[in-house]
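Dear colleague,

Please find below the structure that I am handing over to you, together with its sequence. My notes on what was found in it follow directly after.

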Amino acid sequence: MATISKMSGGAKRRHSSLGLYVLSKPYIVFLIATILENRFSLCAAPIVYEVQLMWFAYLLLAIAYLLGSFPTGYLVGRLAGIDIRQLGSGSTGATNVWRNVGKFAGILVFITDFAKGLAAIYMMQSANWLMTSLNIKAEAIAQNELSLLVIGAGMLALIGHSRPIWLGFKGGKSVATGVGILFMLNWVVAIAAFSIWLVTMAIWRTVSISSIAAAAAAPFFMWTMQGNMIYASFVTAGCAFIIWLHRSNIERILNGTEFTFKTEPKT
């Protein structure tokens, strides 16, 4: 009996110590109060509170990814009776569609993919206006936060195009979508980068070389012409991502087997 009493006393002391520890930690008390009352507050759950305030911005980020992942090239190929992923480079981008479906189909895919990037950025840049117009009750987004959300939307659009959820995360090289994004961030830089694309295309007649050259030049133009360091940093990261997506093209360029507008596709 004495042993049982002593054990019970030890257990009580442990429970007492645990209770004092819990009471000494305000965030634990707040969390327990939150669970018991089945509601969230700024003190009890700041992360959830932030989600409640920014839910519309997060929704726009999700839409940016879905916009980017819209499989334009794949759908155009299907309308032509082919699976564009099984032909040429296997990309769903405008160049592969041009080569295997036709010029006008390729132009259509480029314009649509360009519009996806443009829409993703414009949508996020207009987030506060959209909330007001749609009478959505959410906190207005501060300018510094908006810049971060804009580049988030741009990155998700790029990733969506190259890793579309609808096609097993295998899509295009994000060039056209990237041009649309760049145009919305700084149209002068977009035109300068496109000029590099045109010059290199005229010389080598190889889209991948032109795309890589334009992607390499765009960050330089952005840092020299754009005052927003957040945007310039994003363009640098985004262009690095686009060049990384061209690694198979780079290998073919080095091997002398890259597809050009002078030759038929080599599989």
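In which helix do aspartate 113 and lysine 116 lie, and how many residues apart are they? Both belong to helix 6, where they are 3 residues apart, about one turn of the helix. Please bear in mind throughout that this is a predicted model.

Salt bridges

The side chains of aspartate 113 and lysine 116 meet in a salt bridge, with an N to O distance of 3.2 Å. Both of these residues are buried. Side chains of opposite charge can pair when their charged atoms come close. The search of the whole structure gives 4 salt bridges, and the pair in helix 6 is one of them.

Two further salt bridges involve aspartate 83. In one, arginine 78 is the partner, and the closest N and O atoms are 3.7 Å apart. In the other, the side chain of arginine 85 meets that of aspartate 83 at 3.0 Å, N to O. Through these shared partners, Arg78, Asp83 and Arg85 are joined into one network. Aspartate 83 counts as buried because its relative accessibility is 14%, under the cut-off of 20%. Arginine 78, with a relative accessible area of 43%, is partly exposed, and arginine 85 is likewise partly exposed, at 27%.

Overall architecture

The protein has 13 helices and 0 strands. Of its 267 residues, 40% are buried. Among contacts with a separation of 6 or more, 64% are between residues 24 or more positions apart. The protein exposes about 15,100 Å², and carbon and sulfur atoms supply 69% of that area.

A nonpolar patch on the surface

Trp98, Phe104, Ile107, Phe110 and Ile111 form a nonpolar patch on the surface, and together they have about 500 Å² of accessible area. Helix 6 (residues 103–125) contributes the largest share of this patch, with 4 residues. Tryptophan 98, a member of the patch, is found in helix 5 (residues 94–100). Its relative accessibility is 34%, so tryptophan 98 counts as partly exposed.

Serine 69 and its surroundings

Serine 69 lies in helix 3 (residues 46–69). Is this residue buried or exposed? Serine 69 counts as buried because its relative accessibility is 1%. Its side chain reaches the backbone oxygen of leucine 66 at 3.0 Å. The side chain of serine 69 is also joined to that of tryptophan 166 by a polar contact of 3.0 Å. Leaving aside residues up to four places away in sequence, serine 69 touches Gly160, His161, Pro164, Ile165 and Trp166.

Helix 8

Two of the residues touched by serine 69, Gly160 and His161, are among the buried residues of helix 8. The other buried residues of this helix include Leu146, Leu149, Val150, Ile151, Ala153 and Leu158. Helix 8 (residues 143–162) has 20 residues, which at 1.5 Å a residue should span 28 Å; the end C-alpha atoms are 29 Å apart, so the two values agree.

Helix 11

Helix 11 (residues 207–225) consists of 19 residues and reaches 26 Å from its first C-alpha to its last, close to the 27 Å expected at 1.5 Å a residue. Its buried residues are Val207, Ser208, Ser210, Ser211, Ile212, Ala214, Ala215, Ala217, Ala218, Pro219, Phe221 and Met222. Against which helices do these buried residues pack? They pack against helix 5, helix 9 (175–185), helix 10 (187–204), helix 12 (229–245) and helix 13 (247–255). Helix 5, it may be recalled, is where tryptophan 98 of the surface patch is found.

Phenylalanine 220 also lies in helix 11, but it is exposed, with a relative accessible area of 56%. Phenylalanine 220 and threonine 236 are 16 residues apart in sequence, and their C-alpha atoms are 8.3 Å apart in space.

With kind regards

Notes. Residues are numbered from 1 along each chain as its sequence is written. This is a predicted model: local features need pLDDT of at least 70, side-chain atom pairs count only at pLDDT 80 or more; totals for chains, interfaces and linings use all residues. Side-chain values use heavy atoms; hydrogens and water are left out. Buried means under 20% relative accessible area, exposed over 50%, partly exposed in between (1.4 Å probe, protein chains only). A polar contact is a pair of N or O atoms within 3.5 Å; within protein, one must be able to donate a hydrogen and the other to accept it, and residues adjacent in sequence count only if both atoms are side-chain atoms. Contact means heavy atoms within 4.5 Å. Patches are made of residues with over 30% relative accessible area and no salt bridge: like charges are joined within 9 Å, nonpolar side chains (Val, Leu, Ile, Met, Phe, Trp, Tyr) within 5 Å. Accessible areas come from the Shrake-Rupley method with a 1.4 Å probe; for residues, only the protein chains shown count as cover. The expected span of a helix is 1.5 Å times one less than its number of residues.
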